[in-house]
Amino acid sequence: MNPRVSRLLRLLAALPAVLLLALAGLDSVNIYRAERLAENVTVEELEKAVRLTPANSGAWVRLGVLRDRQGDAAGARAALERAVELNRYNAGAWIELGLHWEVEGHADRAEQCLLEAVRFDGTFPPRWALANFYLRQGGGDRFWRVIREAIARNRSEDPTPAFDLCWRASDDPDLILGKAIPDDRDINRRYYQYLNSSGRAGAVPGVWKRIEHTLEKSDLDMTLRYVDALLALREREQPIADRLVVAEELVVLHRAEVEVAVAHELLRCGLPV
């Protein structure tokens with residue numbers, strides 16, 4: 001075969017692949033440009049972003065949120081509904097659509113959107129959003145059920161906002177412990193730390209009853225902080241039994257010098273050892 005003809009045939013055979021690569025490159029460029037535009041804050045730029053990649057659910061969410069902020073309720077709703085149409089698994093889109101309906105006064109539609117977010121995403125944020133919604137709607141058993149689920153699923157996020165939300169809903173430590181705090185080793189310790197750091201020493205004995213049976217050597221500092229909490233409360237009857245438990249745990253921890261220090265502190269404060 002003529003070499004020139006052979007070379008031409010090879011070029012023609014490679015042409016579809018070249019075209020595909022070119023189209024793929026163009027699509028990547030459009031996606032990149034759309035993402036960069038979505039980082040901006042004007043409606044015009046976000047509208048340009050969704051024109052570049054009309055199937056980008058995240059860009060439609062950003063557009064809907066910005067339209068909502070600017071008072072364009074109809075435009076916001078259209079953008080957010082488009083976002084969930086494009087990707088029903090986009091929990092963030094469902095949450096934003098739910099917030100939109102709540103602001104518009106449609107609590108039933110808002111709840112359905114938030115329940116969809118929870119259905120498609122098993123992590124903490126959708127349940128956190130739903131718990132906040134229920135609290136704004138008056139709290140009740142729905143709130144306590146969802147906030148308990150949210151706390152149970154929160155293994156990486158800072159639990160402080162969830163615990164704060166519980167104390168906004170009620171100032172009854174026993175109710176919060178029973179309805180919102182799962183009896184889980186790690187969660188009990190995180191809640192204990194929260195109570196100490198937020199100045200709620202009066203609520204510490206309740207969660208301590210869960211913790212004291214699972215103490216380990218690494219819990220020595222936590223044990224001493226519990227003793228400090230008892231001293232701060234200046235109680236005279238019930239803490240005696242608690243202090244005996246603490247002393248027993250310290251013996252298990254083989255820290256006699258710590259026992260001496262605790263006993264000294266109790267005597268200094270005028271409390272029985």
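## Charged side chains and a loop aspartate

Asp-158 is partly exposed, its relative accessible area being 48%. Keep in mind as you explore that this is a predicted model. Asp-158 sits in the loop between helix H8 (141-153) and helix H9 (160-169). Its side chain is joined to the side chain of Thr-160 by a polar contact of 2.9 Å. Now look further along the chain: Asp-158 and Arg-190 are 32 residues apart in sequence, while their C-alpha atoms are 9.5 Å apart in space.

Let us move on to the salt bridges. Side chains of opposite charge can pair when their charged atoms come close. How many salt bridges does the count come to? The count comes to 10 salt bridges. Here are three of them, each with its N to O distance.

| Pair | N to O distance |
|---|---|
| Arg-82 and Glu-85 | 3.4 Å |
| Glu-116 and Arg-88 | 3.4 Å |
| Arg-119 and Glu-116 | 3.0 Å |

Start with the pair in helix H4 (residues 73-86). Arg-82 and Glu-85 are three residues apart in this helix, so about one helical turn separates them. Are these two residues buried or exposed? Arg-82 counts as partly exposed, at 32% relative accessibility, and Glu-85 is exposed, with a relative accessible area of 55%.

Next comes the salt bridge between the side chains of Glu-116 and Arg-88. This pair links distant parts of the chain, with their positions 28 residues apart: Glu-116 belongs to helix H6 (residues 107-120), and Arg-88 to the loop between H4 and helix H5 (91-103). Glu-116 has a relative accessible area of 16%, so it is buried. Arg-88 counts as partly exposed, at 41% relative accessibility.

Glu-116 has another partner, since Arg-119 also forms a salt bridge with Glu-116. Where do these two lie relative to each other in helix H6? Arg-119 and Glu-116 are three residues apart in that helix, so they are separated by about one helical turn. At 55% relative accessibility, Arg-119 counts as exposed.

Put the last two pairs together and a small picture appears. Arg-88, Glu-116 and Arg-119 are joined into one network by salt bridges that share partners. To trace this network in the structure, begin at Glu-116, which is buried, then find Arg-88 in the loop between H4 and helix H5 and Arg-119 in helix H6.

Conventions: Residues numbered from 1 in each chain as written. Predicted model: local features only at pLDDT ≥ 70, side-chain atom pairs only at ≥ 80, totals over all residues. Heavy atoms only, no water. Helix = DSSP H or I, 4+ residues; strand = E, 2+ residues; numbered from the N terminus. Buried < 20%, exposed > 50% of the residue type's maximum accessible area, 1.4 Å probe, protein only. Polar contact = N/O pair within 3.5 Å; in protein donor to acceptor, adjacent residues only side chain to side chain. Salt bridge = Lys/Arg side-chain N within 4 Å of Asp/Glu carboxyl O.
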